[in-house]
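Grab a coffee and work through these exercises with the structure open beside you. Try each task before you read its solution.

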Amino acid sequence: MEKAKLPGGKTITEPVILKLGDSEILIPRDRRLKKVILELSSRCNLECPMCFRSHWSEKTGDMDIHLLYRILSEASLFPHLSYIHFIGMGEPFCNDHVREALKAVKTRGLQVRITSNGTMVDRDMAEFLVKEKVDILDISLEMENIPWRGRTNTLDRGLEALEIIRKARERAGSRKPEVRIAVVLTEENVEEVIALAEKLKGKGVSQASFSNILPMDSKADLMRLYPVDLNAEQKLTSRLFLPYYRIGIKTEIPRFALSSERHCSFILGESTFVRWDGKVSPCMRLAHSYDEWVLGRKKEVIPYFFGDLEKDLLSSIWDKKEYVAFRWRLRRALYASCLDCNLLHVCEYPKTTESDCWGDTPACSDCLWDRNLIRCPV
């Protein structure tokens with residue numbers, strides 16, 4: 001049994017006991033954490049109508065740099081920890097301490113990845129990212145022809161950011177940061193996304209990650225590309241894949257057909273999510289409060305936290321009985337599945353993420369992320 005050491009030298013050896021029906025499962029406490037996903041800021045310099053933030057009533061803010069230092073001080077307690085990913089529901093570059101945060105991670109020998117809308121990446125920032133050898137920079141590109149009132153088109157600015165980074169890497173003779181793009185697909189922009197490949201030629205992009213839209217309201221729900229049958233999925237996947245393959249850009253493409261196969265990338269990737277205020281959530285989806293539309297049904301997402309870093313250590317939160325059992329269940333997809341249930345439309349459980357008919361909290365039973373319709377950023 002792998003032993004988990006706590007600060008002060010104390011070692012946890014007793015397993016977590018999980019009851020499944022008439023069986024008891026002994027789950028060793030482990031320290032398999034590989035990725036810490038940090039929401040450096042929940043603020044943003046843009047106001048995109050399809051974004052989670054446009055449907056919040058929450059307070060927004062920036063992560064305190066001292067909170068980051070406390071997290072990094074525990075890095076040695078997690079022997080498999082490989083990198084820190086700055087991503088969340090806000091723009092990381094809105095945090096005034098973003099440079100200090102990136103330096104702090106690199107100083108400790110960890111890889112660092114940052115996801116941005118690109119609009120705050122100027123020449124000075126690009127040179128800093130190159131100098132500090134930031135490992136991966138994801139630029140989220142927003143496509144042009146989505147007809148939402150008040151929508152901010154950032155495609156041109158995003159392409160400009162890619163060029164700024166390319167030139168900074170060229171001047172420094174460096175391959176870092178590796179530059180990737182992320183795009184949300186809709187009925188309205190799929191043709192633009194296919195045509196985007198030509199605009200990315202020579203801009204130093206190594207990978208394009210596509211995800212379906214997760215609708216926040218009924219209007220956005222009409223714009224989703226899923227679900228379709230397997231033949232339609234194959235055709236759409238090929239149309240998205242080929243233009244990027246021809247110019248040497250690797251693609252990550254979501255499912256468009258509904259599958260019974262479920263994989264939680266957050267859990268299988270041995271990751272945890274830390275919200276800007278220090279609250280520890282199992283994933284991005286469950287870190288904030290908002291309404292989402294799941295295949296035409298409105299669902300309330302209730303945030304769920306296993307602990308708060310303002311009150312406890314990350315190692316102690318990771319070792320909590322509830323969190324250990326939660327990770328064990330999700331690794332094996334041992335939770336209810338609403339989308340396969342013939343009682344779905346008369347059941348109360350799918351209305352929120354509070355709990356499911358198996359008695360599990362939080363409920364992952366209606367999650368589009370684990371069906372790979374919505375791609376996880378890990």
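Two strands count as paired if DSSP finds at least two bridges between them. With that in hand, Lys35 stands opposite Tyr83 in β6. Keep in mind that this is a predicted model.

**Exercise 1. Walk across the sheet**

Task: work out the order of the ten strands in the open sheet, and find which strands stand at its edges.

Solution.
- Step 1: trace the neighbours, and you get β11-β10-β9-β8-β7-β6-β5-β12-β13-β16, with mixed pairing.
- Step 2: look for strands with a single partner. These are β11 (250–252) and β16 (307–308), so each has one side left without a neighbour in the sheet.
- Step 3: pick a residue on one of those edges. Thr251 lies in strand β11.
- Step 4: check whether Thr251 is open to solvent. With a relative accessible area of 16%, Thr251 is buried, since the cut-off for buried is under 20%.
- Step 5: see what Thr251 touches. Leaving out residues up to four places away in sequence, the contacts are Ala208, Phe210, Phe241 and Tyr244.

**Exercise 2. The middle strands**

Task: for β5, β6, β7 and β12, say in which sense the neighbours pair, and find some of the residues that face each other.

Solution.
- Step 1: start with β5 and β6, which pair in the parallel sense over four bridges.
- Step 2: move on to β6 and β7. These are parallel too, again over four bridges, and Ile84 has Val112 of β7 as its bridge partner.
- Step 3: turn to the other neighbour of β5. β5 and β12 pair in the parallel sense over four bridges, with Phe273 in β12 as the bridge partner of Ile37.
- Step 4: ask what happens to the two faces. In a regular strand the side chains alternate between the two faces of the sheet. In β6, Tyr83 and His85 sit on one side and Ile84 and Phe86 on the other, and all are buried, leaving both faces covered.
- Step 5: repeat for β12. Both of its faces are covered as well, by way of buried Ser271 and Phe273 on one side and buried Thr272 and Val274 on the other.
- Step 6: look for helices that lie over these strands. Helix α1 (residues 65–72) lies across β5 (35–38), β6 (83–86) and β12, at about 175 degrees to β5. Helix α2 (residues 98–107) lies across β6 and β7 (111–116), at about 150 degrees to β7.

**Exercise 3. A hairpin**

Task: how do β12 and β13 pair, and which residue in their hairpin takes a positive phi?

Solution.
- Step 1: strand β12 (residues 271–274) and strand β13 (residues 279–281) are antiparallel, with two bridges.
- Step 2: Phe273 stands opposite Ser281 in β13.
- Step 3: there are four residues between the strands, and Gly278 is the one with a positive phi, near 95 degrees.

**Exercise 4. One helix, one buried face**

Task: explain why the buried residues of α5 line one face of the helix.

Solution.
- Step 1: list the buried residues of helix α5 (residues 190–199): Val190, Val193, Ile194, Leu196 and Ala197.
- Step 2: look down the axis of α5. The buried residues fall within an arc of 145 degrees, so they line one face.
- Step 3: recall the geometry behind this. An α-helix has 3.6 residues a turn, so residues three or four places apart point the same way.
- Step 4: find what that face packs against: β8 (136–141), α4 (155–172), β9 (178–185), β10 (205–212) and α7 (230–246).
- Step 5: contrast this with Glu198, which is also in helix α5. Glu198 is exposed, at 51% relative accessible area.

**Exercise 5. Into the core**

Task: which residues touch the most other members of the largest nonpolar core?

Solution.
- Step 1: the core has 100 residues, and the answer is Phe86, Leu141, Leu196, Leu200 and Leu240.
- Step 2: α4 gives the most to this core, with seven residues.
- Step 3: zoom in on Leu196. Not counting residues up to four places away in sequence, Leu196 touches Leu141, Met143, Leu155, Leu159, Ile181, Val183 and Tyr244.
- Step 4: don't miss the other core lying apart from this one, made of six residues, among them Val16, Leu18, Ala325 and Trp328.

**Exercise 6. Cysteines**

Task: how many disulfides does the structure hold?

Solution.
- Step 1: the count is zero.
- Step 2: for Cys94, the nearest cysteine sulfur is that of Cys44, 5.6 Å away. Cys94 is buried at 9% relative accessibility.
- Step 3: for Cys367, the closest cysteine sulfur is in Cys364, at 6.3 Å, which is too far for a bond. Cys367 is buried too, with a relative accessible area of 10%.

Definitions and conventions
Residues numbered from 1 in each chain as written. Predicted model: local features only at pLDDT ≥ 70, side-chain atom pairs only at ≥ 80, totals over all residues. Heavy atoms only, no water. Buried < 20%, exposed > 50% of the residue type's maximum accessible area, 1.4 Å probe, protein only. Arc of directions from axis to C-beta. Contact = heavy atoms within 4.5 Å. Axes fitted to C-alpha atoms, helices over the stretch in contact; angles between N-to-C directions. Disulfide = S-S within 2.5 Å. Core = buried A, V, L, I, M, F, W, Y, C linked by side-chain atoms within 4.5 Å.
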